[in-house]
Amino acid sequence: MNGLEETMIGGIEGGTAILLPALGELIGERAGVINLGTEGCMLVGALSAFAAASVTGSVVIGILAGLAGGAVCGLLHAWLTVIRRADQLASGLVIWFLALGVTSVYGANYISATAPTLAIINVPGLSKIPWVGPILFEHDALVYTGYLLVAVIWFVFYRTQLGLVLRATGERPEVVAAAGRRPAVIQIAAVTIGAALSGLGGAQLSIGYVGNWFNDMTSGYGFVAVAVVLFATWKPVRVLGGAYLFGMALAATSVLQAHGVSVNQYLLDAAPYLITLIALVTVGRRGSASAPEALSRALARTG
Amino acid sequence: MTTMTPAPVKAPTPSRLGSLASRSRKRLEGTGWQRLALVTGAYLASLIVFGAIAAQQGANPFTVLHAMLSSSIFGGGSLDQTLLHAIPITLAALAVAIPARAGLVNVGGEGQLIVGAIAATGIGVDIGASVPGPVSWIAMIAGGALAGAVWAGLAGLLRIRLGVNEAVTTLLLNFVANDILLYLTYQPWKDPNGLGQPESKPLAIQAQLPLIFGSQLNIGIIITVVLVLVVWWAVKHTGWGFAIKVTGGNQEAARRSGLKVRSLMLSAMLAGGALAGIGGALNLAGVETQLRPDITLTFGYVAFLASFLARHEPLKTALAALLFSAIALSGNGLQLSTGLDGTITDILLGLIVLAPLVMTKREGAT
């Protein structure tokens, strides 16, 4: 196996822990709500999944607990931002701090615990394809969930009425209300489902890619996920590309070092953020124009 | 039948502009006393929830409270430590408050603190040993201010020139700043005599900010108090402060009354970034004395919440920053005397900001 393949495999494995929360964040932002607490929801999901898997010995229960933990976190954000109409950025940061504190307190018992982790499943047939097979089809179940979710979300967004209503809620909630739908309900559902996916991303770390629990283990993945959504100008397929690209940038460091290539690790770490910045600048007004309008309005009225 | 009466046309007077500038936030109803009671109740509730979590972890809530108070306020020298930590938090919080008054969201306090500390280290390590103390102090503070202003100004420029959302760019720049910090401390600036730790060379003693007689405080605290007062005066009592407030309240109205909206927005961003940069420089030159990873400890994000809690009023923002500094420090005492993880205080910090989020409801469409 050469370095390129290792980087791509690692990028997809680790990139999934960016992809899942980024897809969740995409759903929320398309409905007009940004969640800076994504990092916190990932932490809650990571701990819930690890604790549940550790106690019950079942990874399936672990995955469900990760989803549930993220969803609880999302419900809090939805309640604050949609019902109480609190500032979205402040609410997100509050959730991040609460999650940091809560997971450090309740996670203390699990730092040295063990839990079953997700098995690598080789997709029959597909994993035999030369070169592509090992890169794309020898992963754990959550990686495949990521592939499927991109397709499902794309379909729902662009081919169903539900998707139309969701996107309209992010642009003009008053129009949605005039059409007899309830934008608040749609936003609450979108934020909660989105955060559940963040929790799933946390689970991908704690019972998948990393395989144990430690404080602040998401180390910025949630913020990267928020950046990926911007990088992708709110489009599902681009979110997939962005998440794997970021994942590969993170994986490349250790691969290059293992091969004895001297590389500036920190420059590589900064690359995803710089690429996103450059993307935002080059897309400029056009990129900002593709932002859901209600989201832009919500971001502009902090205070 | 209705008779049309033309609406009286009034020239925009400062008071009218001022009312345009006021935000459409529905304040808590009721009299001042009722409001005070509600707010006090909300904060007490935060404390009770926090105490309950501590108790559930097997610690006596009163022991917890005692440990927290003694490690942040009453213990020997602990108040000094709280004040010292409040320096970067306060200045980074003002870096949120000033742009917020101009209608801009600066989530980049963390990055601006970091670049301020980097600039101060570069200057201080380079010239600190060869020039008199005051020269290097001024140079480090000026360098920090410049670096912070550039970092925030970048996001400001992208906003006014290309319309790129500044909340997003300031957030991204935090991570870039942190990667630069890691790069410098692990590679070119790493102290060869530092026992393998990723730290820069320490500042020469004479380049470190001098202590105030009889305390652990350094002159950074005086500089901070002066800056807080200057900011308060500038935003409350100058034409510039009024103009940015109008810009933040209603850009269209501001533009029509002849204000240079873009320059005002950029100036608010530059001023904020400079303050946070000074915060990073003062923290480095007075407390840390050498660059290392984790030098900011999420102070920049704490600062965002402090400014938010104080509704971007400069004096209240400084008080909120002081409170958050005390909470952050109280974690150390908790860890030592009760065995609870110090990060449990993040819960208290979150709850305290949560309280007003829960209690106020804003008008307007979602």
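**Exercise 1. Place A:Arg85: buried or exposed, and where does it sit?**

A:Arg85 is buried, because 22 other C-beta atoms lie within 10 Å. The cut-offs are these: buried takes 20 or more other C-beta atoms within 10 Å of the residue's own, exposed takes 12 or fewer, and partly exposed is in between, with C-beta atoms placed from the backbone. Next, find its element: A:Arg85 is in the loop between α3 and α4 of chain A. Helices here are DSSP runs of H or I with at least four residues, strands are runs of E with at least two, and both are numbered from the N terminus. Last, check the backbone: A:Arg85 has a positive phi, near 55°, and is not a glycine. Most residues other than glycine have a negative phi.

Before going on, a word on the numbers. This is a predicted model, where local features need pLDDT of at least 70 and side-chain atom pairs count only at pLDDT 80 or more, while totals for chains, interfaces and linings use all residues. Residues are numbered from 1 along each chain as its sequence is written, and chains are lettered from A and ligands numbered from 1 in the order in which they are written.

**Exercise 2. Do the same for B:His312: which loop holds it?**

B:His312 is in the loop between α12 (299–309) and α13 (314–338) of chain B. Now count neighbours: B:His312 has 24 C-beta neighbours inside 10 Å, so it counts as buried. Its phi is positive, about 60°, although B:His312 is not a glycine.

**Exercise 3. Check the length of two helices in chain A against 1.5 Å a residue.**

Start with the rule: the expected span is 1.5 Å times one less than the number of residues. Helix α11 (residues 236–258) of chain A has 23 residues and should span 33 Å; its end C-alpha atoms are 33 Å apart, which agrees. Even so, α11(A) has a kink of about 30° centred on A:Ala252. That bend is the angle between axes fitted to the seven residues ending at a residue and the seven starting there. After α11(A) comes A:Gly260, with a positive phi near 75°.

Now α9(A): its 27 residues should span 39 Å, and its end C-alpha atoms are 37 Å apart, which agrees. As for its surroundings, 23 of the 27 residues of α9(A) are buried, so the helix is largely enclosed by the rest of the structure. Just after α9(A), A:Gly211 takes a positive phi of about 90°.

**Exercise 4. Describe the surroundings of A:Glu29.**

First, A:Glu29 belongs to helix α1 (residues 3–30) of chain A. Second, 25 other C-beta atoms lie within 10 Å, so A:Glu29 is buried. Third, leaving out residues up to four places away in sequence, A:Glu29 touches partners including A:Ile34, A:Gly170, A:Trp234 and A:Leu295. Contact here requires C-beta atoms, placed from the backbone, to lie within 7 Å. Finally, A:Glu29 and A:Gly194 are 165 residues apart along the chain, yet their C-alpha atoms are separated by 9.1 Å.

**Exercise 5. Work out which part of chain A gives the most to the side touching chain B.**

Begin with the counts: 49 residues of chain A are in contact with 44 residues of chain B. Several helices of chain A each supply at least two residues to that side, among them α3 (59–83), α9 (183–209) and α13 (293–300). The most comes from α12(A), with 13 residues. By type, that side of chain A divides into 30 nonpolar, 13 polar and six charged residues. Here Ala, Val, Leu, Ile, Met, Phe, Trp, Tyr, Cys and Pro count as nonpolar, Asp, Glu, Lys and Arg as charged, and the others, Gly among them, as polar.

**Exercise 6. Decide where to be careful in chain B.**

Chain B has 14 helices and zero strands, and 52% of its 366 residues count as buried. Its average pLDDT (the predictor's confidence in each residue, from 0 to 100) is 84, and 89% of the residues score at least 70. Among the elements of chain B, helix α8 (residues 220–237) has the highest mean pLDDT, 96, and helix α1 (residues 14–21) the lowest, 38. Over residues 1–29 of chain B the pLDDT is below 50. Where pLDDT is low, the predicted coordinates should not be read in detail. For the model itself, the scores are ipTM 0.84 and pTM 0.86.

Terms used
Two residues are in contact if their C-beta atoms, placed from the backbone, lie within 7 Å.
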